[in-house]
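Work through the following exercises with the sequence and the model at hand, and compare each result with the solution given beneath it.

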Amino acid sequence: MQDAPQELLDHIIHFAHDDRSTLCSARLVCHAWNVSARVHVFRRLDLLITETPTPTDSSHIDTDSLMKPNPANPGNIEWGTAKFTRLFQLLHSSPDMAYFVREVIIGNTTQLRPGQWEVYELLFSVILSRLKRVTALYLREVDWCQLSPAFAHSIMGLCQSPNLEHLDVWNCQMPSMEGLLDFLNFSCGLSTLRLSHIRIPIPHDQVSAVMPSSANIGTINKLMQRPRKPLQTLTIESFPLSPIVYAILATTPCSVDVTKLHSLVLNHVNDLPSVRRFLRVAGNSLEYLEMRTASCQSRQLTEHGFINLTLTPRLKGLRLSGLHWTSTIHPADYLQHVFRVGDGSEPSPESHPLECLHIVVNAFKRNTEAFNFSKWRILDDILSGPSFTSLNRVEIFVHVASMRPADVDPTEFIKEFPELHASSKFRVVCC
């Protein structure tokens, strides 16, 4: 394959994009193979502080291995900084290597003792300043309150890049809710955003400083006037939704444009009124919605119809999980309101484009109790009606707790979904 076009080699080697041993071997074949393989070898840069030893491979920018502790002194901070110094020297001696980095992971700063994090910040700042084509940034267990202005500016530099498309913030501590929203305002090209388990120690209405000293109001206002790329995928987990809704609905421009949102995942978000307000803004273009929380069975659903498919006229996939089923609580009592409009008395007069429906139920039963299967019939009547002619798959997964899966007979479900079962659209799994 000496005379093979470079584009063909790129396509072939791409099949081994996640096989590091194969990629490292391919780099030794010839110059053309090295050009194709190094794009995948150096794609991911891990700046995670960890004491877990990992195999060392000098051909991969993997700071998990660079952070392997000194066996004689696991707490020696100089051991870790020496390794990151070698990483910086590698980037300095091979400047083109930085252009292959597409994903950056920063985190685990909470594992360091007071005074140790500052030693790493300078190295991380100069390393990040050399990365020009990062498309995905992952922040893991970062205490934003402890970041120095220089390191915060380095992170802001990545966020301001028009190349950044994916931002994932997990288990981080922010100084305030306003600080988080202003941080998001630095990103104008995001297509995917995930906010998960973010901790805010101080109530947001009691904090005046919302950003490190590297940012100011003029900078933020200038950034917010830049053209924004509509967000495609949004995931919010164990995080209050109401401040995000307020930021989107406020008169001040916000960097998070959800008007063209295609996928929305809400896990353990219990504020149903905020969910409804959010869907009024983002639901028009939504094609996939996933909600995981027992609050789907809140009385608000029954009394006010906070969540129903009229808010999502283009929805094709829906997944509802975390629903409870006991002798006194039945998921169908609440799910029927999701597929009705108005006060819940009538089905939708127009056909909805919903194609796939997944329902995950947690069943709890005592020895003397019995499940009520007959209430499931109302869902069969609604979903098999003219309002859901596009529906081609309905799956119900029943997770059995405190008993054997055999105690929930799948044939009992099938009896209550005669129309869907007859059309081969229905499937139930008990596990």
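**Exercise 1.** Determine at what angle helices H6 and H7 pack and how far apart their axes are.

*Solution.* In this predicted model, local features need pLDDT of at least 70 and side-chain atom pairs count only at pLDDT 80 or more, while totals for chains, interfaces and linings use all residues. Residues are numbered from 1 along each chain as its sequence is written, and side-chain values use heavy atoms, with hydrogens and water left out. Take H6 as residues 117-128 and H7 as residues 149-160, helices being DSSP runs of H or I with at least four residues and strands being E runs of at least two, numbered from the N terminus. With axes fitted to C-alpha atoms over the stretch in contact, and angles running from 0 to 180 degrees between N-to-C directions, the packing angle is about 35° and the axes lie 9 Å apart.

**Exercise 2.** Identify which residues of H6 and H7 meet.

*Solution.* Applying the contact criterion of heavy atoms within 4.5 Å, one finds Trp-117, Glu-121, Phe-124, Ser-125 and Leu-128 on the H6 side, which meet Ala-150, Phe-151, Ser-154, Ile-155 and Leu-158 of H7. These contact residues divide into 7 nonpolar, 2 polar and 1 charged.

**Exercise 3.** Establish how strand S3 is covered and with which strands S3 pairs.

*Solution.* Begin with burial (under 20% relative accessible area, 1.4 Å probe, protein chains only): in S3, residues 136-140, 5 of 5 residues are buried. Ala-136, Tyr-138 and Arg-140 occupy one side, and Leu-137 and Leu-139 the other. Next, pairing requires at least two DSSP bridges between two strands; S3 pairs in the parallel sense over 5 bridges with S2 (residues 103-107), and likewise in the parallel sense over 5 bridges with S4 (residues 166-170). Finally, Ile-105 stands opposite Tyr-138, whereas the bridge partner of Ala-136 in S4 is His-166.

Conventions
Nonpolar A, V, L, I, M, F, W, Y, C, P; charged D, E, K, R; others polar. Buried < 20%, exposed > 50% of the residue type's maximum accessible area, 1.4 Å probe, protein only.
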